[in-house]
Amino acid sequence: MTEKALRLGTRRSKLAMAQSGQVADAVSQVTGRPVELVEITTYGDVSREHLAQIGGTGVFVAALREALARGEVDFAVHSLKDLPTTQPDELVLAAVPEREDPRDVIVARDALKFTDLPRGARIGTGSPRRMAQLNAYARTHGLDIETVPVRGNVDTRIGFVHKGELDAVVLAAAGLNRIGRADEVTDFLSVDTVLPAPGQGALAIECAADNADLAAALAELDDPFTRAAVTAERSLLAALEAGCSAPVGALADLLADGQIVKEMRLRAVVGTTDGSTLVQLSTTGPVPHTHEQAMALGRELATEMLAQGAAGLMGERAH
């Protein structure tokens, strides 16, 4: 008799299905069990409001977590940047697989690079974080751009460019890689220009905390360096009291001397969406070996940012 299939809860978008399919294959290999995808519609998928209006945090996650809690699925795959920073007790973040490219990219008309866009170029993004940093870069480099809020899936966003409504859109490299559309990228935005969202490019695999056998099997897909990095980034986000719609960019990466990894660097930015004010700082420390060490790295940098006025740039803070 073949073992019962494991049920993987996923959002219905093309990107979610692609990344869940990749995780399903990997889970099938480590468990020896078939994995079936269970499509779940989340509030973030059906709402046409801008993410900043609907609260941002958790809108793509709540329905998946409810399905887990009700036992309708055995585990769920999320884009890590969509996860709220507080982890519910009844669920465990069983694995954070190796991260994809964390950078943001431009898809522009006529294969243009960001710095070659014409004066007054209209750039679409639904992210206050991207707006803040693109506008700040434009201000300091004498570029004249207009950031335009957009929503929708990858097809919709790139469609705005093809139809001539926008000169360019900003997307995550990881998403385009996962759906096999990396060849449409016209420019990669250096993390020195635009820091990604905390956790960008990483996936989160979540299951019920009391399902110890499954949690242990899923843990085989965990990448300790990726987990340490995203833990530091999300700790910073939590300490700034920011939701995923707040204009916070953060990236932790490893600094190596030859083949030997020496330290972890955490860089972060928070700014006003018009780019007029940015607080941008970084810190470097030993590579965290425990959850607490990674959390501490994020908290320390957040404390410095708050001391430099970051709180006033966060927009509406949750009270």
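A residue counts as buried when its relative accessible area is under 20%, as exposed when that value is over 50%, and as partly exposed in between, using a 1.4 Å probe and protein chains only. By that yardstick I106 is buried, because its relative accessible area is 0%. The structure is a predicted model, so local features need pLDDT of at least 70 and side-chain atom pairs count only at pLDDT 80 or more, while totals for chains, interfaces and linings use all residues. Residues are numbered from 1 along each chain as its sequence is written, and side-chain values use heavy atoms, with hydrogens and water left out.

Now for the overall picture. The protein has nine helices and 13 strands; these are DSSP runs numbered from the N terminus, with H or I and at least four residues for a helix, and E and at least two residues for a strand. Of the 319 residues in the protein, 53% are buried. Contact here means heavy atoms within 4.5 Å. Taking contacts between residues at least 6 apart in sequence, 72% join residues at least 24 apart.

Back to I106, which sits in strand β5. Leaving aside residues up to four places away in sequence, I106 touches F114, A168, V169, V170, V185, T186, D187 and L189. One of these, V170, is 64 residues away along the chain, yet the two C-alpha atoms are separated by 4.7 Å.

Just after this strand comes a loop, between β5 (104–108) and β6 (121–124), and D110 lies in it. A111 belongs to the loop between β5 and β6 too. D110 has a positive phi of about 55° although it is not a glycine, and A111, also not a glycine, has a positive phi of about 55°. D110 counts as exposed because its relative accessibility is 63%. A111 counts as exposed because its relative accessibility is 59%.

Another covered spot involves strand β4 (residues 91–95), where four of the five residues are buried. Strands of a sheet pair through backbone hydrogen bonds, either parallel or antiparallel. Two strands are said to pair if DSSP finds at least two bridges between them. β4 and strand β10 (residues 203–208) run antiparallel and are joined by four bridges. Within this pairing, A95 has I205 as its bridge partner in β10. C207 lies in β10 as well, and C207 counts as buried because its relative accessibility is 0%. Its contacts, not counting residues up to four places away in sequence, are L68, D74, F75, E90, L91, V92, A94, L214, A215 and L218. C207 and R65 are 142 residues apart in sequence, and their C-alpha atoms are 8.8 Å apart.

Further along the chain there is an open sheet of three strands in the order β11-β12-β13, with antiparallel pairing. Its edge strands are β11 and β13 (278–286), each of which pairs on one side only. Axes are lines fitted to C-alpha atoms, for helices over the stretch in contact, and angles run from 0 to 180 degrees between N-to-C directions. On average, neighbouring strands of this sheet are turned by 15° against each other, direction ignored. Helix α8 packs on the sheet, touching β11 and β12, and its direction makes about 145° with that of β11. Helix α9 packs on the sheet too, touching β12 and β13, with its direction at about 35° to that of β12.

Zooming in on the sheet, ten bridges join β11 (residues 248–257) to β12 (residues 260–271). A250 stands opposite A268 in β12, while L255 stands opposite E263. The hairpin of β11 and β12 has two residues between the strands, and G258 takes a positive phi near 65° there.

How do the two helices sit against each other? The axes of α8 (residues 224–239) and α9 (residues 291–307) come within 7 Å and cross at roughly 40°. That makes α8 oblique to α9, since angles under 35 degrees count as roughly parallel, over 145 as roughly antiparallel, 65 to 115 as roughly perpendicular and the rest as oblique. On the α8 side, the residues in contact are A228, T231, A232, S235, L236 and A239, and they meet H291, A294, M295, L297, G298, R299, L301, A302, M305 and L306 in α9. By class, this contact of α8 with α9 has eleven nonpolar, four polar and one charged residues, where Ala, Val, Leu, Ile, Met, Phe, Trp, Tyr, Cys and Pro count as nonpolar, Asp, Glu, Lys and Arg as charged, and the others, Gly among them, as polar.
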